[in-house]
Amino acid sequence: MIKLTRVFKTFDGGRSYAVKDLSLNVDRGETLVLLGSSGCGKTTTLKMVNRLIEPTKGIIEVSGKNVLDYNAVSLRRQIGYVFQGIGLFPHMTIEQNVEIVPRLLGWSTRSRRERIEELLDLVGLPAGSFAQRFPDELSGGQQQRVGVARALAANPAYLLMDEPFGALDALTRETLQQELLTLKNQLEKTIVFVTHDLHEAMLLGDRIAILHDGGLEQIGTKEDILNRPATQFVKDLFSIKRPRAWM
Amino acid sequence: MNIDALIAYVLQRLPELWLRTGEHLMLTGCSTLAAMFIGIPLGILIYQIKWLRGPIMGFIGILQTIPSLAMLVFLLALLKQIGAMPALIALTLYALLPIARNTLTGLEEVSAEIMEAAEGIGMHEYQQLMMVRIPLAAQVIAAGIRTAAVVGVGIATLSAFIGAGGLGQFINRGLALANTKLILLGAIPAAILALMVDFSIGAFEWALRPERKKDKKRSTKSFMRLPALMLPVALILVGIVTNFTKPDWISGLQASMDYGREVVRIGSKNFTEQLILGEIMAQLIEAKTDLIVQRRFNLGGTMICHGALINGEIDLYAEYTGTALTAILKHAVMTNPEKALHYVSKTYHRRFDLQWLKPFGFNNTYAITVRKADASQNNWNKISDLEKYANTLIAGFTAEFAERPDGYPGIRRIYRLHFGEVLDFDPSLMYEAIRNKKVDVICAFATDGRIAAYQLTPLKDDRKFFPPYYAAPVIREELLKAHPKLGDVLSRLGGRIDDAEMQHLNFEVDGKKRRIAEVVQEFLKSKEML
Ligand SMILES: Nc1ncnc2c1ncn2[C@@H]1O[C@H](COP(=O)(O)OP(=O)(O)O)[C@@H](O)[C@H]1O
Ligand SMILES: [Mg+2]
């Protein structure tokens, strides 16, 4: 369970807020999608959850405990993070990238090896032909799958995914979306998924939180949002005048 | 020169070429390694501790701007020894900048996105550094090492100035003797060496880079990896092997045969006459005593020779009374030769425990010298005749003459000569400069063979400005006491070489490009001293 209570974040001493009075919670096993246009504070919110950024004000809890009470490193090792720019380590093979967190946690070579096989299978990259390659020998979609495998490696209860499919072509994106859908039903993780794509949000989210200028416009299921838009902003979002891939 | 002669020339020099190349590799290799061990941690340190960057990079940046020779001479004075140690330290200091700077740049340039991922998945700070940042900076660091090593090969040629050997020794000797062949014998191998070092470090880097699936010639890499890794190691090994089997060619080989015999180390400055005098003393000692002679010739100037003598790095060399008086003892000029010698030998004994033996005979004073054609056209006979013309003339002086009180500063005072322009030259290039009309006036040495050969005229010192420069062996008293016979042997040279004789010897070497050892042997035989 992840819970944010009245969280604020400013980078400029209070003149503007990247995140403004944000309260929300993500239930166990649920996928919450943070939906919003570029610059509305989605990445900042995710980073505050695993303490890459400290909030200016407010409380963030993971598993019922304030994140500030965790040791930052051990907190991060319990949370899988798929970064907006993927961020694979270019000097390590796919295998080394995937096993990095288990290695940091001191898993045995044997259990790491088994885990790599399992994960690469799961994300559709058979270890036999991919384990020994380097990231730059993979396509963008394949790299993104490795990013997901790395985040899942130590079997964390939480998964933070920051626009994981944002930079991919439409076809690949749709395939990966479908795969993630299957995956999340299989894995029972608590997931926060960030996107600026309305269609993606509708497809993947158990619930959707719509952000605008750092603040929360509405949070709820697809039906809630479609049928009972809370604000004019949300209403406009679904008006037919808007192009489908709303940015 | 035809190809056969060229090959013969190189073959004849091959053993020494091998030795010098080895020394050169040793100097470059050891200093680059040392700079890596200091520079990489230093780069990491200043990456971590930001406020140290300014002071540390500033400091090693300043080190870089110190001219190499100045640095060598400074270290020489500081360490009180000539040879490999000051050279290694100087080379290490120079190599520090590219390595530390590239380490810092490499670490800084690692993409923020990747570092954020490293932090975000839960790496400790030192894990981020060791597992991600440093490995990703490795290429840039390696490029810094490569630069340092290649530049090092170039700078190492200067080490010969302070007796550290290396290929610079040929260049030095070639410059001293105005012998292009010798210069090239040092310069060309040094250039080739630089390319080899560049290539070998490149190969090393290549071999360390992990093999990729997309590398088409995969088998080539697995096949070539080991040899590529071994290349720089091999280069350093060659350096070590040649150094430890170092024959020092002639004398060292003998030394191993005559184990137990004592050694006398003879120094010389870096111009022809000094090399000849050094060789004359060396051959005579070899012929008439049991001592083993080590030739530490071509040291870069008076202060270096004197320093080496005082610090016991060499045992003797030939010094000139005038130089000792003004440059070393900082005494005012004395124009009476006997008084000058007396004063110098008394003071040397008292201050340095050094003994002046009997002078060889000639007086190699400075001679303000012009082209014979100019002299007869303008009716110049004595130095004061130049007064009216001086501001239209270009003078070419050695750096030493330009600064010494008994050099140009004194000339300006006594003769009121202010030349239009003064250029600094290496001693031997100065003669070429006047011959090729690049300059009109030079500070020739009275005994230089090129005065006659190049149709030059020394002007008369009508105001008796130049002090006498009688050359004599200066020797450590300690050695003289241990081997009294040495004094007797060297004293036999007293008064045996007059100006004309010295001019002749100088010209045999400078003008006719004959080997010094041969010219000297001929001379000693003709004097029936062997
Ligand atoms: N490190 C930072 N320093 C200053 N401003 C930042 C920083 N990170 C984000 N911001 C600002 O905060 C706002 C929200 O950014 P971000 O969370 O990255 O948006 P999103 O991920 O929704 O595109 C933007 O206006 C951005 O410029
Ligand atoms: Mg973002």
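Which helix of chain B is Thr321(B) found in? Keep that in mind for the second view; everything below comes from a predicted model.

**View 1. Ligand 1 and the residues around it in chain A.** Ten names are worth picking out here: Phe11(A), Ala18(A), Ser37(A), Ser38(A), Gly39(A), Cys40(A), Gly41(A), Lys42(A), Thr43(A) and Thr44(A) surround ligand 1. By type, that shell splits into 3 nonpolar residues, 6 polar ones and 1 charged one. Two threonines reach in with their side chains: an N or O atom of Thr43(A) sits 2.6 Å from an oxygen atom of the ligand, and for Thr44(A) the distance is 2.5 Å. Cys40(A) joins in through its backbone, with a polar atom 3.3 Å from a ligand oxygen. On its own, ligand 1 would expose 560 Å², and the protein buries 55% of that.

**View 2. Two threonines in helices of chain B.** To settle the opening question, Thr321(B) belongs to helix α13, residues 321–328. Thr321(B) counts as buried because its relative accessibility is 1%. A polar atom of its side chain lies 3.0 Å from the backbone oxygen of Pro468(B). Now for Thr147(B), which is part of helix α6 (residues 125–156). At a relative accessible area of 40%, Thr147(B) is partly exposed. Its side chain reaches the backbone oxygen of Ala143(B) at 2.9 Å.

**View 3. A salt bridge between two strands of chain A.** Here Arg6(A) pairs with Asp21(A), and their closest N and O atoms are 2.9 Å apart. Arg6(A) comes from strand β1 (residues 2–9) and Asp21(A) from strand β2 (residues 19–26), so the pair ties together parts 15 residues apart in sequence. Both partners are partly exposed, Arg6(A) at 49% relative accessibility and Asp21(A) at 33%.

**View 4. Salt bridges in the helices of chain A.** Start with Arg115(A) and Glu118(A), whose closest N and O atoms are 3.3 Å apart. The two share helix α5 (residues 109–122), 3 residues apart, or about one turn of the helix. Residues three or four places apart in an α-helix point the same way, because there are 3.6 residues a turn. Arg115(A) is buried at 12% relative accessibility, whereas Glu118(A) is partly exposed at 48%. Next comes Arg145(A) with Glu179(A), a salt bridge with closest N and O atoms 3.4 Å apart. This one links helix α7 (residues 140–152), home of Arg145(A), to helix α8 (residues 170–187), home of Glu179(A), so it ties together parts 34 residues apart in sequence. Again the arginine is buried, at 15%, and the glutamate partly exposed, at 31%.

**View 5. A nonpolar surface patch on chain B.** Ile3(B), Leu6(B), Ile7(B), Leu11(B) and Leu14(B) make up a nonpolar surface patch of about 460 Å². Ile3(B) lies in helix α1, residues 3–48. With a relative accessible area of 57%, Ile3(B) is exposed.

**View 6. Helix α18 of chain B and what follows.** Which residues of helix α18 (residues 427–435) are buried? They are Ser428(B), Met430(B), Tyr431(B), Ala433(B) and Ile434(B). Just past the helix, Lys437(B) takes a positive phi of about 60°.

**View 7. A salt-bridge network in chain B.** Glu508(B), Lys512(B), Arg514(B), Glu518(B) and Glu522(B) are linked by a network of salt bridges. Over all chains, the structure holds 37 salt bridges.

Technical notes. Residues are numbered from 1 along each chain as its sequence is written. Chains are lettered from A and ligands numbered from 1 in the order in which they are written. This is a predicted model: local features need pLDDT of at least 70, side-chain atom pairs count only at pLDDT 80 or more; totals for chains, interfaces and linings use all residues. Side-chain values use heavy atoms; hydrogens and water are left out. A residue is near a molecule or strand if one of its heavy atoms lies within 4 Å of it. A polar contact is a pair of N or O atoms within 3.5 Å; within protein, one must be able to donate a hydrogen and the other to accept it, and residues adjacent in sequence count only if both atoms are side-chain atoms. Accessible areas come from the Shrake-Rupley method with a 1.4 Å probe; for residues, only the protein chains shown count as cover. Ala, Val, Leu, Ile, Met, Phe, Trp, Tyr, Cys and Pro count as nonpolar, Asp, Glu, Lys and Arg as charged, and the others, Gly among them, as polar. Patches are made of residues with over 30% relative accessible area and no salt bridge: like charges are joined within 9 Å, nonpolar side chains (Val, Leu, Ile, Met, Phe, Trp, Tyr) within 5 Å. A salt bridge is a side-chain nitrogen of Lys or Arg within 4 Å of a carboxyl oxygen of Asp or Glu. Helices (H or I, at least four residues) and strands (E, at least two) are DSSP runs, numbered from the N terminus. Buried means under 20% relative accessible area, exposed over 50%, partly exposed in between (1.4 Å probe, protein chains only).
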